[in-house]
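Hi everyone, thanks for making time this morning. I'd like to walk you through one helix and then one pocket, so let's bring the structure up.

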Amino acid sequence: MKRTAVAASAIVLLLPLSACGGDAEAGDGSTVTVTVGYQSKTINTVTAGTLLRSLGYFEKQLDALGDGVTYKVVWQDYATGAPITAQMTAGKIDIGSMGDFPLLINAARGKQLNRPTHLVSVTGYNLRGGLNTIVTAPDSALTSLKDLKGKRISTSVGSAADGTLVRALRRAGIDPDDDVRKLNQQPAVGASALSAGSADALSQFVAWPGLLAHQGKAKVLYDGAQLNLPTFHGVTARADFAQDRPAVLDAFLKAQAQATDYLNTHPVTAAEEVAEATGLPAEVVYLYNGAHGVATFDPVIRPQLVSALKQDVEILKSAKLTGDVDVDSFVDDRYVKKALGATYAQRLAAPPPAAAGEVWPKGSERTRTFASPAALLRHVAAHRDTVRAAYVPDATTGTLWFADKAVWVADGEELLPFVAPATARAYVDRHDGARVITYADALERAS
């Protein structure tokens with residue numbers, strides 16, 4: 001019997017779908033459902049979700065198993081990791097992708113409910129923490145974290161963005177429990193609250209800060225990379241699923257690696273495909289997922305990420321969202337090492353791409369990279385009508401941002417971009433003669 005893999009779409013909340021742990025045996029002609037939970041708009045997970053689904057690589061890998069089983073892949077789309085964990089611990093999702101803080105909650109809930117899960121691969125990461133950002137309304141008078149004391153801040157409690165908020169406030173000498181009013185909201189609700197004025201600031205993960213900035217609905221208050229602590233998203237699988245269907249998990253991880261290579265090789269095309277699938281502007285997708293984007297995509301589980309995960313436990317414990325989490329037993333890199341084979345060590349040794357500015361010309365499937373912000377600005381000034389988007393890395397954190405939304409500093413002949421006003425001011429305070437200028441002034445100086 002020729003076995004086929006069928007992709008089924010299920011953009012639902014908590015439907016009681018049967019997962020992969022059925023009674024089908026190899027060669028018996030049965031159908032097995034594999035349920036994958038993902039977050040389409042959390043574009044740091046696209047290689048295990050949105051992009052992977054659109055490319056069909058998982059279904060093709062299942063087709064290649066040749067075990068006489070018909071596999072039906074059901075993709076379930078969610079706004080955050082919490083409902084994915086709920087479905088996994090109910091035995092209704094086999095594989096899920098989510099951020100580092102939700103991963104820890106996934107581990108804790110799985111152990112608590114005797115439905116253990118394992119972190120089996122990484123999707124995208126940023127070694128400094130630039131995937132999470134705190135933004136305010138465009139006309140807000142808030143300019144630093146200290147200004148948030150007594151203010152209303154929207155975030156998704158238990159998310160990586162919430163973790164960034166807690167850490168950032170603590171560093172600024174603000175008690176995240178007593179000195180601010182935290183609003184526990186889904187990203188879309190928080191974005192609306194910020195626009196309506198019912199929230200003074202919003203701390204969220206990709207792609208919300210970039211989207212709101214691109215739309216002119218927000219400006220950056222704090223770049224998460226200022227924490228200099230890695231953030232990432234990863235893939236978690238139920239332990240019983242991994243044990244019962246190792247070939248299926250292997251197929252998924254091989255497919256994820258293929259999707260990763262596709263994204264890294266065709267970053268503009270991949271951004272366009274993700275944009276089409278999610279409704280997000282391609283310019284925003286590319287900010288995070290591009291060749292020099294905020295996220296680096298690689299399925300290997302790096303020691304720095306595991307170390308950061310261990311440091312995240314304390315934040316969740318202080319919020320009473322988990323108790324102790326045994327990170328070492330949760331992380332299981334055996335499956336991804338097997339799937340990647342000899343390339344695992346090569347990927348592990350490869351550093352993230354160097355920070356660089358990029359210009360995306362209209363109608364082009366390629367971007368242009370520039371060695372300096374001034375060179376990029378000269379090009380933009382000379383091609384104003386043909387530039388689709390321009391991106392520059394923060395001069396201190398390396399976080400990529402839209403050139404026209406960055407805070408620009410003139411230091412003699414040098415033109416320097418910053419994501420947040422506080423980092424720009426910190427630079428100016430340390431360099432005599434340096435001053436903050438407008439984007440229009442920066443373009444004029446460069447041309």
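**Helix H10 and the largest pocket**

Let's start with helix H10, residues 267–278: at 1.5 Å a residue, its twelve residues should span 16 Å, and the end C-alpha atoms are indeed 16 Å apart, so the two values agree. Do keep in mind that this is a predicted model.

Now, which residues of H10 are buried? They are Pro267, Val268, Ala270, Ala271, Val274, Ala275 and Thr278. If you look down the axis of H10, these buried residues fall within an arc of 160°, so they line one face of the helix. Turn to the face pointing away from that buried side, and you meet the exposed residues Glu276 and Ala277.

And what covers the buried residues of H10? The cover includes three helices, H1 (50–55), H9 (246–265) and H11 (282–289), together with strand E13 (357–361). One more detail here: just after H10 comes glycine 279, with a positive phi of about 85°.

Let's move on to the largest pocket, which has a volume of about 400 Å³. It is lined by 22 residues, and the closest to its centre are Thr80, Ala82, Val157, Gly158 and Ser159. Helix H3 (82–89) and helix H4 (100–112) are the elements that give two or more residues to this lining. H4 gives the most, with four residues.

For those of you thinking about chemistry, how does the lining of the largest pocket divide by class? There are 14 polar residues, seven nonpolar and one charged.

That's my tour, and I'm happy to go back to any view.

Methods. Residues numbered from 1 in each chain as written. Predicted model: local features only at pLDDT ≥ 70, side-chain atom pairs only at ≥ 80, totals over all residues. Heavy atoms only, no water. Expected span 1.5 Å × (residues − 1). Buried < 20%, exposed > 50% of the residue type's maximum accessible area, 1.4 Å probe, protein only. Arc of directions from axis to C-beta. Contact = heavy atoms within 4.5 Å. 1 Å grid on protein atoms, 1.4 Å probe; cavity = no way out; pocket = protein on both sides within 12 Å on 5 of 7 lines; lining within 4 Å. Points joined across faces, edges and corners; volume = space filled by probe spheres on them. Nonpolar A, V, L, I, M, F, W, Y, C, P; charged D, E, K, R; others polar.
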